[in-house]
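Visitor: Please take one loop of this model and go through it closely, with its backbone and its charged side chains. Then carry on to the parts that help to set it in context.

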Amino acid sequence: MEFLSWKVEDGVAIITIARPPANALSRGIITEVNAVLDAVENDDTVRVLVLHGEGRFFSAGADIKEFTEVESGDEFTKLASNGQQVFERVESFSKPIIAAIHGAALGGGLELAMSCHLRFVTETAKLGLPELQLGLIPGFGGTQRLPRYVGVAKAAEMMFTSEPISGAEAVQWGLANRAFADEALLDETLKVAKKIAKKSPVALKAAIQTLQYAKHASFYEGIEAEAKSFGTVFVSEDAKEGIQAFIEKREPVFTGK
């Protein structure tokens, strides 16, 4: 791959975006994100994914130069739809994906991060959707995901002013889960990721699927899906192992079955 690389450590695939100087989100990166998901989806050695950026930024925004190569509104619609489809796959992926954000996650970079299941940030990171200052709007799901995290009013403020918020503010607003000192971000993120990697893959997949209902469906549809998932998970080998380990006061060893 040209822009992404990854290694596996204790069940965690550490995926690095490397497109200096700003890790600008290009069509190539979006294609490679999809390819990485293909590669790890059925890999039992990978239970959690951590996505971070090399250098000074997570991703400082979309590649604006690519926009100048698009000649029609229909082409822009196709470009947006492709990015949305990949990010929707990230959001619904069967294994937890954590974005570790330092420097800046702006525009398409933030849209990618918002499609991840968890977001850990440095306290000084900058998160924002500045597209309106270019005469554009977010096109990779930003107008829909940001209000779901921070509310419509705050999302409107962030988009209308094009002003980013800090990592510390992002935690306060509900956009990020935790904030760390700059030098501690990746280590602390990996600690959490490795803890999650010890959980049952069966239960993690069911939890991810059921959580989607909380975002996109009614409460009653959600609890119906929850009951069905509970029944499916309960008869798994992992559930039997987890219950037995609890009785025997030992750490469970989950196999994903």
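Guide: The account below starts with the loop and then moves outward.

The model is predicted, so local features are given only at pLDDT of at least 70 and side-chain atom pairs only at pLDDT 80 or more, while totals for chains, interfaces and linings use all residues. Numbering runs from 1 along each chain as its sequence is written, and side-chain values rest on heavy atoms, with hydrogens and water left out.

The loop between β2 and α1 holds Pro21 and Asn23. Helices (H or I, at least four residues) and strands (E, at least two) are DSSP runs, numbered from the N terminus. The peptide bond that joins Pro20 to Pro21 is cis, with omega about 5°. Asn23 has a positive phi of about 50° although it is not a glycine. Both are departures from the usual pattern: most residues other than glycine have a negative phi, and most peptide bonds are trans. With a relative accessible area of 2%, Asn23 is buried; buried means under 20%, exposed over 50% and partly exposed in between (1.4 Å probe, protein chains only).

Arg19 forms a salt bridge with Asp63 through their side chains, at 2.8 Å from N to O. Arg19 lies in the loop between β2 and α1 and Asp63 in the loop between β3 (48-53) and α2 (64-67), so the pair ties together parts that are 44 residues apart in sequence. Asp63 has a relative accessibility of 12% and therefore counts as buried. A salt bridge here is a side-chain nitrogen of Lys or Arg within 4 Å of a carboxyl oxygen of Asp or Glu, and the structure holds twelve of them.

Arg19 also appears in the description of Glu32, a residue of helix α1 (residues 27-41). Glu32 is buried but has no salt bridge, and the nearest side chain of opposite charge is Arg19, 8.8 Å away. For this purpose Lys and Arg count as positive and Asp and Glu as negative; His and the chain ends are not counted. Setting aside neighbours within four places in sequence, Glu32 is in contact (heavy atoms within 4.5 Å) with Met1, Glu2, Phe3 and Leu4.

A second loop, between β1 and β2, contains Asp10. Asp10 is another non-glycine residue with a positive phi, near 55°. At 57% relative accessibility, Asp10 counts as exposed. Its side chain meets that of Lys194 in a salt bridge of 3.4 Å, N to O. That pair links distant parts of the chain, 184 residues apart: Lys194 is in helix α8 (residues 185-197) and Asp10 in the loop between β1 (4-9) and β2 (12-17). Lys194, at 22% relative accessibility, counts as partly exposed.

A salt bridge within one helix makes a useful contrast in setting. Lys228 and Glu224 meet at 3.6 Å, N to O. They are four residues apart in helix α10, and are therefore separated by about one helical turn. Lys228 is exposed, with a relative accessible area of 56%, whereas Glu224 counts as partly exposed at 46%. Elsewhere, salt bridges with shared partners join Glu9, Asp10 and Lys194 into one network.

Helix α10 also contributes to a nonpolar patch on the surface. Phe230, Phe234, Val235, Ile243, Phe246 and Ile247 make up this patch, with about 720 Å² of accessible area together. The elements that give two or more residues to the patch are α10 (219-234) and α11 (237-247). The largest share, three residues, comes from α11. Patches are made of residues with over 30% relative accessible area and no salt bridge, with like charges joined within 9 Å and nonpolar side chains (Val, Leu, Ile, Met, Phe, Trp, Tyr) within 5 Å. Accessible areas come from the Shrake-Rupley method with a 1.4 Å probe, and for residues only the protein chains shown count as cover. Ile243 belongs to helix α11 and, at 44% relative accessibility, counts as partly exposed.
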